[in-house]
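Me: I would like to learn how to read a protein model feature by feature, and I would be glad of a general idea before each case.

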Amino acid sequence: MRLYIEDETGTKFPFSIEEVAGAVCEAVLEKERCPYEVQVNVVLTDNEGIREINRAYRDLDQETDVLSFPNVDFEREGIFDIDEDSEADYFDPDTGELLLGDIMISADKVWEQAKCYGHSVRREFAFLVAHSMLHLCGYDHMEDAERAVMEQKQEKILDALGITRDEEHSK
C-alpha cells in the first residue's frame, strides 16, 4: 500500500500520523481482503478547510471531522470485483495500484473529539481513518443496519491494532 499524507496544518500529534494511518489503512484492506496494491491520500486540514470542502462537495456549510472521497464505484461494499472496462478509471497506469480514494481529516476535530469522548488523540485519529477507509471500500451508514456494520468493523480493526477507547489518554 502506498499512503500519501498532506498536512496543511502543521499540527503536532503525540504519535506518528504516518505510522498510525498506515497501520489502520493496512488493517482495513486486510480485513476487507483487498486483492490489490492500493494508493490512499490523506489530507490533514483544519476546521475551516474541511468546512470549505464540505460546502463545495456536499453543499453543507459546516465543519465535520472527516470526509471520504471514494474513487471506486462498488456494486457491493467490500467486494473488489472491478470490471475490466473500468480498470483505466481505477488503477494508476504507472504503478498498477488501485486508486482507492482520498481522506480529509480536520486536525482540530481530532483534538476536540478526543477530549469530548474521553479517549486519546491517537484513538480518535485512528477511528477517523478506519471510518473513512471503510467508506473508500464502499460502506455507508445511512441506514441503521449499515451503521451497525460499520461500527462493528471499526471496533474490530482498532481492537486488533490495540487502539482502544481506554488506551492512555495522553497518546
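Reply: What follows is a conversation about salt bridges, burial and helix packing.

Me: Before we begin, what kind of model is this, and how are residues numbered?

Reply: This is a predicted model, in which local features need pLDDT of at least 70 and side-chain atom pairs count only at pLDDT 80 or more, while totals for chains, interfaces and linings use all residues. Residues are numbered from 1 along each chain as its sequence is written, and side-chain values use heavy atoms, with hydrogens and water left out.

Me: How many salt bridges does a search of the whole structure find?

Reply: A salt bridge is a side-chain nitrogen of Lys or Arg within 4 Å of a carboxyl oxygen of Asp or Glu. By that rule, the search of the whole structure finds 8 of them. One of these joins Arg 51 to Asp 61, with 2.9 Å from N to O. Arg 51 belongs to helix α2 (residues 47-58) and Asp 61 to the loop between α2 and β3 (66-70), so this pair ties together parts that are 10 residues apart in sequence. Helices (H or I, at least four residues) and strands (E, at least two) are DSSP runs, numbered from the N terminus.

Me: Which other residue forms a salt bridge with Asp 61?

Reply: Arg 55 does, its closest N and O atoms with Asp 61 being 2.5 Å apart. Arg 51, Arg 55 and Asp 61 are thus named together as a network of salt bridges.

Me: Are the residues of that network buried, exposed or partly exposed?

Reply: Buried means under 20% relative accessible area, exposed means over 50%, and partly exposed lies in between (1.4 Å probe, protein chains only). Arg 51 is partly exposed at 27%, Arg 55 is partly exposed at 35%, and Asp 61 is partly exposed at 43%. Thr 64, which is also placed in the loop between α2 and β3, counts as buried at 17%. If residues up to four places away in sequence are not counted, Thr 64 touches Ile 50, Asn 54, Ser 106 and Lys 109, where contact means heavy atoms within 4.5 Å.

Me: Where do Asp 144 and Arg 147 lie?

Reply: Both lie in helix α6, 3 residues apart, which is about one turn of the helix, and their side chains meet in a salt bridge at 3.8 Å, N to O. Asp 144 is exposed, with a relative accessible area of 63%, whereas Arg 147 is partly exposed at 33%.

Me: At what angle do α5 and α6 pack?

Reply: Axes are lines fitted to C-alpha atoms, for helices over the stretch in contact, and angles run from 0 to 180 degrees between N-to-C directions. Angles under 35 degrees count as roughly parallel, over 145 as roughly antiparallel, 65 to 115 as roughly perpendicular and the rest as oblique. Helix α5 (residues 121-136) and helix α6 (residues 144-160) pack at about 130 degrees with their axes 10 Å apart, and they are therefore oblique to each other. Among the residues that meet are Phe 127 and Leu 134 in α5, with Met 150 and Leu 158 in α6.

Me: Which residues make the contact between α1 and α6?

Reply: The axes of helix α1 (residues 17-31) and α6 come within 10 Å and cross at roughly 120 degrees. Val 24, Ala 27, Val 28 and Lys 31 of α1 make the contact with Lys 156, Ile 157 and Leu 158 of α6.
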